[in-house]
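Here is a walk through one protein model, from the overall fold down to a few residues worth a click. Keep the viewer open as you read.

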Amino acid sequence: MPMITFLPVNKTVEAKPNQTILEVALEHEIPLQHACGGFCACTTCHVIVKSGDDQLSEMDDTEEERLDRASGVTLHSRLGCQARIKGDVTVEVVHPEA
Ligand code: FES
């Protein structure tokens with residue numbers, strides 16, 4: 001099973017195959033905002049991938065367009081509700097609390 005580490009809380013948990021980063025965070029009560037409920041309509045679930053970019057599902061056009069409107073976007077930015085976990089990753093949560 002793939003493992004995912006969330007920063008800054010520094011918590012590592014197991015992900016089920018093909019789960020999104022947001023789904024795993026919610027399951028393990030890791031703070032990760034999701035104002036739109038995971039429908040790729042807000043950007044509050046923004047995370048920065050610290051390692052394992054290639055262990056996430058590819059970004060589709062909708063995610064890319066939505067991320068364009070987020071603040072503090074980097075080359076390693078993803079939306080937690082869209083990126084599915086295929087292998088071990090470490091991500092930093094940009095908006096842990098509302
Ligand atoms: S939860 Fe709104 S875009 Fe991911």
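Helices here are DSSP runs of H or I with at least four residues, strands are DSSP runs of E with at least two, and both are numbered from the N terminus. With that in hand, threonine 43 can be placed: it is found in the loop between α1 and β3. One thing to keep in mind throughout is that this is a predicted model.

**The overall picture**

The protein has two helices and five strands. Reading from the N terminus, the elements come in the order β-β-α-β-α-β-β. The C-alpha trace spans about 30 × 25 × 20 Å along its principal axes. The radius of gyration is 12 Å, which agrees with the value near 13 Å that a compact globule of 98 residues would have. Buried residues account for 30% of the 98 residues. As for contacts between residues at least 6 apart in sequence, 70% of them join residues at least 24 apart.

**The sheet**

In what order do the five strands of the open sheet sit? The order is β2-β1-β5-β3-β4, and the pairing is mixed. At the edges are β2 (11-14) and β4, each of which pairs on one side only. From one strand to the next, the twist averages 35°.

Start at the β2 edge. Strand β1 (residues 3-7) pairs with β2 in the antiparallel sense, over four bridges. Within that pairing, phenylalanine 6 has lysine 11 as its bridge partner in β2. The two strands form a hairpin with three residues between them.

On the other side of the sheet order, β3 (residues 46-51) runs antiparallel to β4 (residues 77-79), joined by three bridges. Strand β3 also runs antiparallel to β5 (residues 89-93), this time with four bridges. Isoleucine 48 is a handy residue to click on: its bridge partner in β4 is serine 77, and its partner in β5 is glutamate 92. As a reminder for the viewer, side chains in a regular strand alternate between the two faces of the sheet.

**The core**

The largest nonpolar core has 20 residues, and Ile4, Ile21, Ile85 and Val91 touch the most other members. Four elements, β1, α1 (21-27), β3 and β5, each supply at least two residues of this core. The top contributor is α1, with four residues.

Isoleucine 4 makes a good starting point for tracing the packing. Leaving aside neighbours within four places in sequence, isoleucine 4 is in contact with Val13, Ala15, Ile21, Val24, Ile85, Val89 and Val91.

**Backbone oddities**

The β1-β2 turn deserves a closer look. Proline 8 is in the loop between β1 and β2, and a cis peptide bond with omega of about 5° joins leucine 7 to proline 8. Asparagine 10 is in the loop between β1 and β2 as well, and has a positive phi of about 60° although it is not a glycine. Threonine 43 is also a residue other than glycine with a positive phi, near 110°.

Is asparagine 10 buried or exposed? Asparagine 10 is exposed, because it has just 8 other C-beta atoms within 10 Å, and the cut-off for exposed is 12 or fewer. Threonine 43 counts as buried because it has 23 C-beta neighbours inside 10 Å, where 20 or more are needed.

**Glutamate 63 and glutamine 82**

Glutamate 63 is found in helix α2 (residues 61-67), while glutamine 82 lies in the loop between β4 and β5. Not counting residues up to four places away in sequence, glutamate 63 touches Cys40, Leu79 and Gln82. On the same terms, glutamine 82 touches Thr20, Cys40 and Glu63. Glutamine 82 is buried, because 22 other C-beta atoms lie within 10 Å, whereas glutamate 63, with 19 C-beta neighbours inside 10 Å, counts as partly exposed.

Two C-alpha pairs to check in the viewer:

| Pair | Sequence separation | C-alpha to C-alpha |
|---|---|---|
| Glutamate 63 and cysteine 40 | 23 residues | 6.5 Å |
| Glutamine 82 and valine 93 | 11 residues | 14 Å |

Definitions and conventions:
Residues numbered from 1 in each chain as written. Predicted model: local features only at pLDDT ≥ 70, side-chain atom pairs only at ≥ 80, totals over all residues. Pairing = 2+ DSSP bridges. Axes fitted to C-alpha atoms, helices over the stretch in contact; angles between N-to-C directions. Contact = placed C-beta atoms within 7 Å. Rg over C-alpha atoms; globule rule 2.2 N^0.38 Å. Core = buried A, V, L, I, M, F, W, Y, C linked by C-beta atoms within 7 Å.
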